[in-house]
Amino acid sequence: MVETTNSDIYTILKERVLSGQYNIKMRLPTEDALIEEFNVSRYAIRKAIKQLVNEGLVYSVKGKGVVVLEQTPQTKEINLSLAKINGLQSLNSAQKIDRKTIIADFQQIIVDEKLHQKRPFL
């Protein structure tokens, strides 16, 4: 019998999130369900989920479970391309384009329950 590692579990869960099997804002199966599915320890499940959290695919809500964050191929592509940028200034000089950032409006908003329902914040 082949032993399932936390790395295998992470890979499987990540694929399920990215493929849409687990939809945005959907909760992952409980730890107990995942332990039964993969026949591993709670530690292995938690370690795999921690990798998903660190990668920004899911977040944990105390008492509620692990929830899938918005992650589409488009947002993944944007995140990857932005990770390679050192800054706007270096981008401007590398492409010989004059870019400017203008902040038209800035407001500090307290996130109440109504706003949280529209867009959950961490």
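Which residues does L69 touch, not counting residues up to four places away in sequence? In this predicted model, the list for L69 runs to I24, G56, L57, V58 and Y59. L69 itself sits in the loop between β2 (65–68) and α4 (73–83). With a relative accessible area of 22%, L69 comes out as partly exposed, because the cut-off for buried is under 20%. There is also a long-range pairing to note here: the C-alpha atoms of L69 and M26 are 8.4 Å apart, although their positions lie 43 residues apart along the chain.

One of the contacts of L69, V58, leads straight into the core. The largest nonpolar core holds 18 residues, and I9, L13, L28 and V58 have the most contacts inside it. Two or more residues apiece come from α1 (6–19), α2 (31–38), α3 (42–54) and β2. Of these, α3 gives the most, putting in five residues. As a general backdrop, nonpolar side chains in soluble globular proteins tend to be buried together. I9 gives a handy view of the surroundings: leaving aside neighbours within four places in sequence, I9 is in contact with T4, F38, V40, A44, I45 and A48.

Next comes the packing of α1 with α2. Two packed helices are described by the angle between their axes and the distance between the axes. For α1 and α2, the axes come within 12 Å and cross at roughly 115°, and the crossing is right-handed. On the α1 side, the contact is made by I9, I12, L13 and R16, while α2 brings L34, E37 and F38. Sorted by class, that contact has five nonpolar residues, two charged ones and no polar ones.

R16 and E37, both part of that contact, also pair up with each other. Their side chains meet in a salt bridge, with N to O at 2.5 Å. Since R16 belongs to helix α1 and E37 to helix α2, the pair ties together parts that are 21 residues apart in sequence. How accessible are the two partners, buried or partly exposed? R16 is buried, at a relative accessible area of 15%, whereas E37 is partly exposed, at 41%. Setting aside residues up to four places away in sequence, R16 touches Q21, Y22, E37 and F38.

The salt bridges add up to five in the whole count. K14 and E55 form one of them, their side chains meeting at 2.8 Å, N to O. K14 is in helix α1 and E55 in the loop between α3 and β1 (58–61), so this pair ties together parts that are 41 residues apart in sequence. E55 is partly exposed, with a relative accessible area of 38%.

Helices α2 and α3 get a link of their own. E31 forms a salt bridge with R46, and the closest N and O atoms are 2.9 Å apart. E31 is in helix α2 and R46 in helix α3, so to speak distant parts of the chain, 15 residues apart. Both ends of this bridge count as partly exposed: the relative accessible area is 24% for E31 and 48% for R46. The pair is not isolated either, as E31, D32, R42 and R46 are linked in a network of salt bridges.

Conventions
Residues numbered from 1 in each chain as written. Predicted model: local features only at pLDDT ≥ 70, side-chain atom pairs only at ≥ 80, totals over all residues. Heavy atoms only, no water. Helix = DSSP H or I, 4+ residues; strand = E, 2+ residues; numbered from the N terminus. Buried < 20%, exposed > 50% of the residue type's maximum accessible area, 1.4 Å probe, protein only. Contact = heavy atoms within 4.5 Å. Core = buried A, V, L, I, M, F, W, Y, C linked by side-chain atoms within 4.5 Å. Axes fitted to C-alpha atoms, helices over the stretch in contact; angles between N-to-C directions. Left-handed = near helix turned anticlockwise from the far one by under 90°. Nonpolar A, V, L, I, M, F, W, Y, C, P; charged D, E, K, R; others polar. Salt bridge = Lys/Arg side-chain N within 4 Å of Asp/Glu carboxyl O.
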